[in-house]
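Q: Please take a close look at a single part of this model and the parts around it. I would like a plain account that I can follow with the structure open.

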Amino acid sequence: MQAKSSLAIIILAAVIVELTSALQYWYAYKGIKEETKHNAQNELDIKSLEISRVMTGVEEAANNFAWILERHLQNPDTIYGLSDFFLKHTKNVVGCGLAFKPHYFPEKGKWYEPYTKKNTNGPFKHDQIGKESHDYLNMEFYEKTVEYDKGIWTEPYFDNEGAEMLLCTYTQPIHDKNGDVVGVFGADVSLDWLSNLINDSTSNQESVKILLSNKGTVIACPVESLEMKTDIMKATSNMTDTGVVQLNQNMLQGKSGNATIEDENGEKNMCFMDQYKEKRVGPWL
């Protein structure tokens, strides 16, 4: 009887030790997981704040400049000089332009869109880019700004006429003394700084960061060939986890949060999302 009791105690002790190890592993795993979530969310918040800081700065500068422009509409020849001043004192803006309603200045014709571009090797470059082949009157940035009568951010695009690079543009309506919209002012922001921010080599090397536009276009990611060439739905079309579809929908709806997604190798990945929280159209994480 004594031998049987000792054996039972040994078996019980072994089970307790094993359970204790399992609990330690579970708590360690939970702790690591929570720390990973915390670090990832912190990094996402920092990126979002930096994007917000830059874009808010551009908005405020453009809004203030629009007020100045509205007081100098009587003379179109002053526009380039004012634009030079705006670019000289505004960071992260590579160029700016004004698109006026048809024949606002009769001597300038139907399309008048004076554009000013920063030039690292010399003075600012001036050009009148409005013309029949560049009919801004039918372009989304002009139509929506006039329609909404407030500042908006455009979807990312490649500007062939003005800055000649990938851009996002913040546009602001210009009013005459009667309060009528007579034109649109646009401040162009290069996407290079966004790509550099997202792909910063000093950040977590085990994470993959993707910047999307409001419509889901991939603006910045570690694979440069995908930038501005695809959207998040196409980029994740090969993933079998049905949760990916819901995740994409949540992102396109501007929701923030996190989700766990299983990739094609069966490995689980935590995804965090956040948005540049403004009432206007804009890129977001």
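A: His-103 lies in the loop between β1 and β2. In this predicted model, His-103 has a positive phi of about 60 degrees although it is not a glycine. With a relative accessibility of 49%, His-103 counts as partly exposed, because that class runs from 20% to 50%. The loop on the other side of β1, between α2 and β1, holds Asn-92. Asn-92 is also a residue other than glycine with a positive phi, near 70 degrees. Its relative accessibility is 34%, so Asn-92 counts as partly exposed too.

The strand between these two loops is β1, and it is the part to look at closely. Of its 6 residues, 6 are buried, so β1 is largely enclosed by the rest of the structure. Gly-95, Gly-97 and Ala-99 point one way from the strand, while Cys-96, Leu-98 and Phe-100 point the other way. Both sets are buried.

Next come the strands beside it. β1 and β2 (residues 114–117) run antiparallel and are joined by 3 bridges. In this pairing, Gly-97 of β1 stands opposite Tyr-115 of β2. β1 and β7 also run antiparallel, with 6 bridges between them. Here Gly-95 of β1 is placed opposite Asp-188 of β7.

Tyr-115 and Asp-188 turn up again around Ala-163. This residue belongs to the loop between β5 and β6. Leaving aside neighbours within four places in sequence, Ala-163 is in contact with Val-94, Tyr-115, Lys-117 and Asp-188. Its relative accessibility is 0%, so Ala-163 counts as buried. The C-alpha atoms of Ala-163 and Lys-118 are 8.5 Å apart, although the two residues are 45 places apart along the chain.

Before β1 in the chain comes helix α2 (residues 79–88). 7 of its 10 residues are buried, so α2 is largely enclosed by the rest of the structure, as β1 is. The buried residues of α2 are Ile-79, Tyr-80, Leu-82, Ser-83, Asp-84, Phe-86 and Leu-87.

Where do the nonpolar residues of these parts go? In soluble globular proteins, nonpolar side chains tend to be buried together. The largest nonpolar core in this model has 35 residues, and Phe-86, Ile-174 and Phe-185 are those with the most contacts inside it. Both α2 and β1 give two or more residues to this core, as do α1 (2–69), β6, β7, α4 (192–198) and β9 (218–220). The largest share, 8 residues, comes from α1. A further core of 9 residues lies apart from this one, and Leu-212, Cys-221, Val-244 and Leu-247 are among its members.

Phe-185 shows how β1 is tied to its surroundings. Not counting residues up to four places away in sequence, Phe-185 touches Cys-96, Gly-97 and Leu-98, among others. Its contacts also include Phe-86, as well as Ala-62, Phe-65 and Leu-69. Tyr-170, Thr-171, Gln-172 and Ile-174 are touched by Phe-185 too.

β1 also takes part in the lining of a pocket. The second largest pocket is lined by 31 residues, and about 550 Å³ of space lies in it. At least two lining residues come from each of β1 (95–100), α3 (140–148), β4 (152–153), β5 (157–158), β6 (166–175) and β7 (181–190). Met-139, Phe-141, Thr-154, Tyr-157 and Thr-169 are the lining residues nearest the centre of this pocket. By class, the lining has 15 nonpolar, 8 polar and 8 charged residues.

Last, the chain as a whole gives some context for β1. It has 6 helices and 11 strands. Of its 285 residues, 40% count as buried. Among contacts between residues at least 6 apart in sequence, 52% join residues at least 24 apart.

To return to the strand: β1 is largely enclosed by the rest of the structure, since 6 of its 6 residues are buried. Its antiparallel neighbours are β2 and β7. It gives two or more residues to the largest nonpolar core, and at least two to the lining of the second largest pocket.

How values were computed
Residues numbered from 1 in each chain as written. Predicted model: local features only at pLDDT ≥ 70, side-chain atom pairs only at ≥ 80, totals over all residues. Heavy atoms only, no water. Buried < 20%, exposed > 50% of the residue type's maximum accessible area, 1.4 Å probe, protein only. Helix = DSSP H or I, 4+ residues; strand = E, 2+ residues; numbered from the N terminus. 1 Å grid on protein atoms, 1.4 Å probe; cavity = no way out; pocket = protein on both sides within 12 Å on 5 of 7 lines; lining within 4 Å. Points joined across faces, edges and corners; volume = space filled by probe spheres on them. Nonpolar A, V, L, I, M, F, W, Y, C, P; charged D, E, K, R; others polar. Pairing = 2+ DSSP bridges. Contact = heavy atoms within 4.5 Å. Core = buried A, V, L, I, M, F, W, Y, C linked by side-chain atoms within 4.5 Å.
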